[in-house]
Amino acid sequence: MEFLFPNSGHGRKRILQLQLLALLPVGIAALVNTGYQYLAAIARNPELATDDFRSQIARGLGANHERLGLYDMFAAGFAHLVPILLMALLVGGFWERIITNRRQTAIEPGFILVALLFTLLMPGAAAWSHVVFGMSFAMLLGRGIFGGEGKSFLNPALLGVAIVQVSFPGAADQHPLWSGLAGYAGSDAIALFHRGGEAALSAADIDLWTAFIGRTPGNMGTTSILAIALGAVLLLIERLISWRLLAAQIIGLFVFATIFNIFGADDGASAMPAYWHLLLGSFAFGAVFLACDPVASACTNPGRWIQGFLIAALVVLIRVANSTHPDAVIPALLLASIVAPLIDHAVLAWNIRARARRHV
């Protein structure tokens, strides 16, 4: 995999360690916010308390919705995040073992990163069957069918989450953590803005600060911009992701959101300021940990700028035009990953023709 990171100077094992380390603040924020959302929902309406195994674990660890202390939030978050992660690791390890046995190769530990990314893109109330289903697709179609780690043109976790979103679009139950979520599509905050603008966000106790630190409903690892930024800094310092691709996505988001603000309707998501597009939903998480995955992104520098602007344009367009899929990040990233090789091909063809014209 060293050829994927030509400027990093790291080996495969070191790269994986740094990627997992970059996800550490995101995981901690996910534990705290997931626990907070669960306990706060029960505190508001005790009748929402269920007797599923997650609630039993939370009670067994001493999580108390009447206190909402840091330990209580950690304990409740642990009861929801860790079981999903363990199941994702079990399924990923199972398929990795079968694939490597079939090919008579060594087990590649990259499935751990796939399982962690997949888990962080899930809501705390994700069903066991859906986790197994999504991780199986991630390992078989996102990794195994292409020959293993680093040989696919799609991020396996991205593909697994996309399959779950498409297959179970209306998935929901009475678990408190589904409050404020649009099923597996992520936070419902953007749809909330569609319906009532910033006043609706304020009524739901969502402001700039809570959105920045990650105290909002959403898929577990996608809510804290602060934690995601910490991980991004590490990856940028170690040169494991392209700053061009990351910058293109952020700049593009502000450019296209501003265009819709000026020329779009005066209400709905057309009027949503660019900073809300950045703070709400899973754009920041996807931009750093999914779009910048070298196997799923363009390899040429111009191609990275083009892909980044394409991602931003698709996210804003889908959010504005399709209120039934308010987050839009997963389909936008998937489409951009699919066309990344075509973008690189077009860039190389343009360079070849430009050089030929110079030497005529």
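How many salt bridges does a search of the whole structure find? The search finds six. This is a predicted model. The report starts with the charged pairs, then turns to empty space, the surface and the backbone.

## Salt bridges

Three of the pairs are set out here.

| Pair | Closest N to O distance |
|---|---|
| D72 and R67 | 2.7 Å |
| R143 and E96 | 3.1 Å |
| D188 and R195 | 3.2 Å |

Take the pair of R143 and E96, whose side chains meet in a salt bridge. This pair links distant parts of the chain, with the two positions 47 residues apart. R143 sits in the loop between α6 and α7. E96 belongs to helix α4, which covers residues 70–103. Are these partners buried or exposed? R143 has 4% relative accessibility, so it counts as buried. E96 is buried as well, because its relative accessible area is 3%.

The pair of D72 and R67 is built from unlike ends. D72 counts as buried because its relative accessible area is 3%. R67 is exposed, with a relative accessible area of 52%. Their closest N and O atoms lie 2.7 Å apart.

D188 and R195 form another salt bridge, at 3.2 Å between the closest N and O atoms. D188 has 22% relative accessibility, so it counts as partly exposed. R195 reaches 59% and is exposed. Which residues are joined into one network by salt bridges that share partners? They are R12, E96, E108 and R143. R143 and E96 thus appear again, this time as members of the network.

## Pockets and cavities

Rolling a probe the size of a water molecule over the atoms shows where empty space is left.

The second largest pocket holds about 440 Å³ of space. Its lining has 27 residues, and the closest to its centre are Q37, R44, S179, T216 and P217. Which helix gives the largest share of this lining? The answer is α2, with six residues. Helix α2 spans residues 24–44. Both α2 and α8 supply at least two residues each to the lining of this pocket. By class, the lining has 12 nonpolar, 10 polar and five charged residues.

Now the enclosed spaces. How many cavities of 30 Å³ or more are there? The count comes to two. The second largest cavity has about 50 Å³ of space. Its lining residues are S187, T216, P217, G218, T222, T223, L279, L280 and G281. T216 and P217, listed here as lining the cavity, are also among the residues closest to the centre of the second largest pocket. By class, the cavity lining has three nonpolar residues, six polar ones and no charged ones. The lining of the second largest pocket, in contrast, includes five charged residues.

## A nonpolar patch on the surface

Six residues make a nonpolar surface patch: L140, L141, I145, F146, F153 and I338. The patch covers about 490 Å². I145 is one of its members. I145 lies in the loop between α6, residues 128–140, and α7, residues 156–167. R143 of the salt bridge with E96 is placed in the loop between α6 and α7 too. Are I145 and R143 buried or exposed? I145 has 57% relative accessibility and so counts as exposed. R143, at 4%, counts as buried.

## Backbone points

Which sign does phi have at D205 and at A328? D205 has a positive phi of about 60°, although D205 is not a glycine. A328 has a positive phi of about 75°, and A328 is not a glycine either. D205 sits in the loop between α8 and α9, the latter covering residues 208–213. A328 sits in the loop between α14, residues 301–321, and α15, residues 329–358. D205 is exposed because its relative accessible area is 61%. A328 is buried, at 0% relative accessibility.

One last position is G197, in helix α8, which runs over residues 189–203. G197 has 17% relative accessibility; buried means under 20%, so G197 counts as buried. G197 and V316 are 119 residues apart in sequence. Their C-alpha atoms are 16 Å apart in space.

Conventions: Residues numbered from 1 in each chain as written. Predicted model: local features only at pLDDT ≥ 70, side-chain atom pairs only at ≥ 80, totals over all residues. Heavy atoms only, no water. Patch = residues over 30% accessible without salt bridge, like charges linked within 9 Å, V, L, I, M, F, W, Y side chains within 5 Å. Areas by Shrake-Rupley, 256 points an atom, 1.4 Å probe, with all protein chains shown as cover. Salt bridge = Lys/Arg side-chain N within 4 Å of Asp/Glu carboxyl O. Helix = DSSP H or I, 4+ residues; strand = E, 2+ residues; numbered from the N terminus. Buried < 20%, exposed > 50% of the residue type's maximum accessible area, 1.4 Å probe, protein only. 1 Å grid on protein atoms, 1.4 Å probe; cavity = no way out; pocket = protein on both sides within 12 Å on 5 of 7 lines; lining within 4 Å. Points joined across faces, edges and corners; volume = space filled by probe spheres on them. Nonpolar A, V, L, I, M, F, W, Y, C, P; charged D, E, K, R; others polar.
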